[in-house]
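Reader: I am new to this structure and would like to learn how to read its features one at a time. Could you take me through them slowly, with the general idea before each case?

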Amino acid sequence: YGMLQYICEHFREPITVEQAAAVAGYDRSYFSKLFRETVGMTFHRYLNHYRITEACRLLSDGKLPLSVVAEESGFASSKILSRLFRDVLDMTPNQYRKLPQEAKDRLIRAKNITYY
C-alpha cells in the first residue's frame, strides 16, 4: 500500500507528515527524507500540488463556486486554495477557469503538476 495511493484516496482530508509517516510505518524524519528522495519534492509540496491538480479539474467544469472547489480538492478554505494556486500556477483560480482548455492543458504540463 503505497503512500502515493494513500494521498490519492485521502487528499480531501487534512494529512500531516506525522500521519503519513505513521501510515507508512516510519518515523517522521526518515519518512520525510525517503519521500523527498523518491518523489523529488517534500510531502507537503506533493500533497498541495496533487490538490491543485484536483482543483484544476474541478475548475474546468466552470460551474462550481470556488468555495466548493476548495473543499472538494482538500483545501481548508478558498483563500488558501487561491494563495497556493497563485504560487504554483502564477494565476488565480478564476483566471485559470477562463482559459481555453488547450491553454489549461499546456499550463499543467509546463508546471509538471499532473500526478494522476
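Author: Let us start with a term: a helix is a DSSP run of H or I with at least four residues, and helices are numbered from the N terminus. In this model, which is predicted, residue V69 is found in helix α5, which covers residues 66-72.

Reader: How many helices and how many strands are there in the chain?

Author: The chain has eight helices and zero strands, and, read from the N terminus on, its elements run α-α-α-α-α-α-α-α.

Reader: What does the radius of gyration say about the chain as a whole?

Author: The radius of gyration can be set beside the value expected for a compact globule with this number of residues. For 116 residues that value would be near 13 Å, and the chain has 15 Å, which agrees. Taken along the principal axes, the C-alpha atoms fill a box of roughly 45 × 25 × 25 Å. The accessible surface comes to about 6,800 Å², and 51% of this surface belongs to carbon and sulfur atoms.

Reader: Is V69 buried or exposed?

Author: A residue counts as buried when its relative accessible area is under 20%. V69 has 0% relative accessibility and therefore counts as buried, and of the 116 residues of the chain, 40% count as buried.

Reader: Which residues is V69 in contact with, once its neighbours within four places in sequence are left aside?

Author: With those neighbours left aside, V69 is in contact with A55, L58, L59, L64 and L81. One of these partners, A55, is 14 residues away along the chain, and its C-alpha atom is separated from that of V69 by 5.9 Å. For the chain, among contacts between residues at least 6 apart in sequence, 52% join residues at least 24 apart.

Reader: K104 has a charged side chain by class, so where is K104 placed, and is it buried or exposed?

Author: K104 lies in helix α8, residues 101-111, and because its relative accessibility is 4%, K104 counts as buried. Apart from neighbours within four places in sequence, its contacts are L59, S60, Y96, R97 and L99. Measuring along the sequence and through space gives two separate views: K104 and C56 are 48 residues apart in sequence and 8.3 Å apart in space, C-alpha to C-alpha.

Reader: What can be said of S82 in helix α6?

Author: S82 belongs to helix α6, residues 78-89, and is buried because its relative accessible area is 13%. Beyond the neighbours within four places in sequence, S82 is in contact with L66 and P93.

Reader: And where is D90 placed, and what is its phi?

Author: D90 sits in the loop between α6 and α7 (93-98), and its phi is near 60 degrees, a positive value in a residue other than glycine. With a relative accessible area of 55%, D90 is exposed, because the cut-off for that word is over 50%.

Reader: How does one look for pockets, and what lines the largest pocket?

Author: Rolling a probe the size of a water molecule over the atoms shows where empty space is left. The largest pocket has a volume of about 190 Å³ and is lined by 12 residues, of which G2, M3, A24, F31 and F35 lie nearest its centre. Helices α1 (3-10), α2 (17-24) and α3 (28-39) each supply at least two residues of the lining, and the largest share, five residues, comes from α3. By class, the lining has 10 nonpolar, two polar and no charged residues.

Key. Residues numbered from 1 in each chain as written. Predicted model: local features only at pLDDT ≥ 70, side-chain atom pairs only at ≥ 80, totals over all residues. Heavy atoms only, no water. 1 Å grid on protein atoms, 1.4 Å probe; cavity = no way out; pocket = protein on both sides within 12 Å on 5 of 7 lines; lining within 4 Å. Points joined across faces, edges and corners; volume = space filled by probe spheres on them. Nonpolar A, V, L, I, M, F, W, Y, C, P; charged D, E, K, R; others polar. Rg over C-alpha atoms; globule rule 2.2 N^0.38 Å. Buried < 20%, exposed > 50% of the residue type's maximum accessible area, 1.4 Å probe, protein only. Contact = heavy atoms within 4.5 Å. Areas by Shrake-Rupley, 256 points an atom, 1.4 Å probe, with all protein chains shown as cover.
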